[in-house]
Amino acid sequence: MSKTIWLRVKLPEKDLSLLRSDFSSCELMTEPDGAIGTEQLQSIAGVFTEEVLPESLVQQMPRLKWLHVTRGGVNAYLTPSVKARPIQVTGSKGIHGTVFSEFALACILMLAKQLPNCIDAQREKRWQKLAPIEIEGKTLGIVGLGTAGSALARKAKALGMRVLATKRTPTIKPEFVDHLGTSEFLPQLLADSDFVVLLLASVPSTFNIIGEKELRGMKQSAYLINLTGGRAIEESLLIKALRECWIAGAVLDAFARQPLPQESELWKLPNVIITPRISGITSEKWPVLLPIFRENLRRFLADEPLCNVVDKDLGY
């Protein structure tokens with residue numbers, strides 16, 4: 001009996017045609033959520049999705065055995081039904097290093113070169129001489145030396161920065177990192193860094209990892225750049241730290257509440273730059289995402305072990 005796979009993503013027509021040709025033994029569905037009937041849902045064995053699969057849909061898919069997502073961090077996809085049932089969850093881990101690291105580096109250079117202040121002055125037609133700084137010789141602290149953190153560390157080191165980093169589990173220090181430690185090293189990293197970049201998995205173990213003690217331990221001249229840990233800092237605490245200038249400012253691309261509500265005070269703070277969860281997005285995503293899905297689809301149809309299987313208890 002052939003398996004039904006729901007492609008809950010908008011693939012380029014060329015890639016979709018190739019998938020249909022290469023995997024003709026299974027049925028590939030592309031209908032949007034509202035166009036799928038109950039009978040179709042009951043036949044689905046696997047789902048490829050970019051957005052979280054609603055509980056109401058999971059509960060109508062008794063045959064669902066595999067959920068593959070386009071993101072590396074999958075905690076948001078682990079809904080109660082997905083966690084409770086024997087549904088294998090696989091992610092696109094290990095392919096987002098370039099986009100996250102380039103975005104982080106853009107933030108660092110933007111802050112160092114006073115570009116936000118230049119833009120403000122331009123809006124007011126004000127000719128204002130500013131004092132940019134060089135990032136060469138400055139210290140970068142990376143909280144979470146995974147794929148993206150390692151890519152950023154390489155780039156920063158090539159530009160002459162001193163690189164400090166933390167990682168959940170002890171490992172050999174790469175040559176492009178000056179000092180690597182576990183969570184015990186975090187206070188020292190924060191105290192020494194001119195720029196701190198959070199590249200954490202959004203899982204319960206990283207929630208509120210940055211508290212008042214940690215924020216007060218940073219330099220007043222330092223900047224915080226949060227790209228992935230939406231719940232790493234409590235929003236009200238971060239607002240207080242920025243309003244009272246415990247640190248110089250922040251670039252925020254990850255939030256506990258997404259989209260960020262209009263009533264949030266973060267929108268109004270002059271030392272904050274808000275970006276709408278775009279640090280991990282690229283217009284060229286399918287060439288890197290599809291090979292992982294294709295390999296796992298082949299394995300799933302052949303009843304072979306899947307790649308990038310998520311530990312549902314850990315969330316990654």
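Select Leu 224 first: its opposite number in strand 11 is Ala 250. The model is a predicted one, and the tour covers two sets of neighbouring strands.

**Around strand 11**

Widen the selection to residues 223–226, which form strand 10. Strand 10 runs parallel to strand 11, and four bridges pair them. Now add residues 235–243, which are helix 10. Together with strand 10 and strand 11, helix 10 makes a β-α-β unit, and this unit is right-handed.

Show the side chains of strand 11, residues 249–252. Ala 250 and Leu 252 point one way, while Gly 249 and Val 251 point the other way. All four of these residues are buried.

Next, select residues 272–274, strand 12. Strand 12 is parallel to strand 11, to which three bridges join it. To find the two strands facing each other, pick Val 251, which stands opposite Ile 273 of strand 12.

**Around strand 4**

Move to residues 66–69, strand 4. Which residues lie on each side of strand 4? Trp 66 and His 68 are on one side, Leu 67 and Val 69 on the other, and all are buried, so both faces are covered.

Add strand 3, residues 44–49. Strand 3 is parallel to strand 4 and joined to it by four bridges. Then add strand 5, residues 88–90, which pairs with strand 4 over three bridges, also in the parallel sense.

Finish on Trp 66 in strand 4. Gly 46 stands opposite Trp 66, and in strand 5 the bridge partner of Trp 66 is Gln 88.

Conventions: Residues are numbered from 1 along each chain as its sequence is written. This is a predicted model: local features need pLDDT of at least 70, side-chain atom pairs count only at pLDDT 80 or more; totals for chains, interfaces and linings use all residues. Side-chain values use heavy atoms; hydrogens and water are left out. Buried means under 20% relative accessible area, exposed over 50%, partly exposed in between (1.4 Å probe, protein chains only). Two strands pair if DSSP finds at least two bridges between them. A crossover is right-handed if, with the strands pointing away from the viewer, the path from the first strand over the helix to the second runs clockwise.
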